[in-house]
Amino acid sequence: MSLKNRTGIMGKYGYARVSTSRQQTDNQVTDLLKEGVPEAQIVTETVSGATAWKSRPALKRLVRRLQAGDTLTVVKLDRLGRNALDVLTLIDVLKKREISVRILNLGIDTAGAGGKLFLLLLAGFAEFERNIIRERVLSGLETAKAKGIRLGRKPTLTEEDIAQARRLKAQGLSTREVAKLLHVSKMTAWRAMNS
């Protein structure tokens, strides 16, 4: 059962996206019009599909405009994005606000039973994507360590600075005085003095 928005009329909205200015949204707009989306309620944008939905100005404005009972229609899933996790996040935000998403080439409407199955599958792909990213990061860290590359933030103090901090401590200087001489925070000075 679909809900009506605050105005009492369910709104049909469309989103069309291309990645470069050499491409056109004309075919997508035509398909959206055929599906009954009013031309005035079709938003087009030129932005990479790798860009998160919250970083796309036109899509972000459209999402804010949508109300409970409205439907957002796209020609293909990849128009919403290429990152499964980002697309799932967007669809989840809309679902919580009682806004359905239609994906024409898949014949999916998230308001129906098929849409629920689709969301479960998309969540599975998003989890798979997260795991692959995690594995790549861990593999990259292991490779860097094996090559002797120091990971993390560059040290504030050199080995010479640390040795100097220890000498200054032995001479009876306070942490505050050492920090001032080395131009670092008291905590950094304390760590150097006590390492």
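E35 is partly exposed in this predicted model, with a relative accessibility of 32%. Its side chain takes part in a salt bridge with R102, in which the closest N and O atoms lie 2.9 Å apart. The two partners come from distant parts of the chain: E35 belongs to the loop between α1 (26-34) and β2 (42-46), while R102 sits in strand β4, and 67 residues separate them. R102 is also partly exposed, at 23% relative accessibility. With a value that lies between the 20% and 50% cut-offs, R102 therefore falls in the intermediate class rather than among the buried residues.

The count of salt bridges comes to 3. Another of these joins R79 to D78, with the closest N and O atoms 3.0 Å apart. Here the two partners can be told apart by their accessibility. R79 counts as buried, at 15%, whereas D78 counts as partly exposed, at 30%. A further salt bridge pairs K96 with D92, and its closest N and O atoms are 3.3 Å apart. Both residues belong to helix α3, and because they are 4 residues apart there, about one helical turn separates them. K96 is exposed, with a relative accessible area of 66%, and D92 is partly exposed, at 33%.

Helix α3 itself is a good place to pause. This helix covers residues 84-96, 13 residues in total, and spans 18 Å from its first C-alpha to its last, close to the 18 Å expected at 1.5 Å a residue. At the start of the helix, a side-chain oxygen of N83 comes to within 2.8 Å of the backbone nitrogen of L85. Along its length, the buried residues are A84, D86, V87, L88, L90, I91 and L94. The elements that cover these buried residues include α2 (57-65), β3 (71-74), β4 (100-103) and α4. Helix α3 thus offers two views: the buried residues just named, among them L94, and the exposed K96.

Just after α3 comes E98, where phi is positive, at about 65 degrees, although this residue is not a glycine. E98 lies in the loop between α3 and β4 and is partly exposed, with a relative accessible area of 44%. A second residue of this kind is H183, which has a positive phi of about 60 degrees and is likewise not a glycine. H183 is found in the loop between α6 (175-182) and α7 (186-193). At 72% relative accessibility, H183 counts as exposed.

Strand β3, one of the elements that cover α3, contains L72. This leucine is buried, with a relative accessible area of 0%. Once its neighbours within four places in sequence are set aside, L72 is in contact with Y13, G14, Y15, L62, L66, L80, L94, S100, V101 and R102. Several names in this list link back to the parts described above. L94 is one of the buried residues of α3, and R102 is the salt-bridge partner of E35. Not every residue farther along the chain is brought close to L72, however: L121 is 49 residues away in sequence and 20 Å away in space, C-alpha to C-alpha.

T25 gives another view of the interior, this time from a loop. The residue is placed between β1 (12-18) and α1, and at 13% relative accessibility it counts as buried. The cut-off for a buried residue is 20%, so T25 meets it even though the residue lies outside any helix or strand. Beyond its neighbours within four places in sequence, T25 is in contact with A16, R17, V18, T44 and E45. A16, R17 and V18 fall within the range of β1, and T44 and E45 fall within that of β2.

The surface has a feature of its own. I133, V137, L138, L141, I149 and L151 together form a nonpolar patch, with about 490 Å² of accessible area. One member, I133, lies in helix α4, which spans residues 113-146. I133 is partly exposed, with a relative accessible area of 45%. Helix α4 therefore appears in two settings: it is among the elements that cover the buried residues of α3, and it carries I133, a partly exposed member of the patch.

Note on methods. Residues are numbered from 1 along each chain as its sequence is written. This is a predicted model: local features need pLDDT of at least 70, side-chain atom pairs count only at pLDDT 80 or more; totals for chains, interfaces and linings use all residues. Side-chain values use heavy atoms; hydrogens and water are left out. Patches are made of residues with over 30% relative accessible area and no salt bridge: like charges are joined within 9 Å, nonpolar side chains (Val, Leu, Ile, Met, Phe, Trp, Tyr) within 5 Å. Accessible areas come from the Shrake-Rupley method with a 1.4 Å probe; for residues, only the protein chains shown count as cover. A salt bridge is a side-chain nitrogen of Lys or Arg within 4 Å of a carboxyl oxygen of Asp or Glu. Buried means under 20% relative accessible area, exposed over 50%, partly exposed in between (1.4 Å probe, protein chains only). The expected span of a helix is 1.5 Å times one less than its number of residues. Contact means heavy atoms within 4.5 Å. A polar contact is a pair of N or O atoms within 3.5 Å; within protein, one must be able to donate a hydrogen and the other to accept it, and residues adjacent in sequence count only if both atoms are side-chain atoms.
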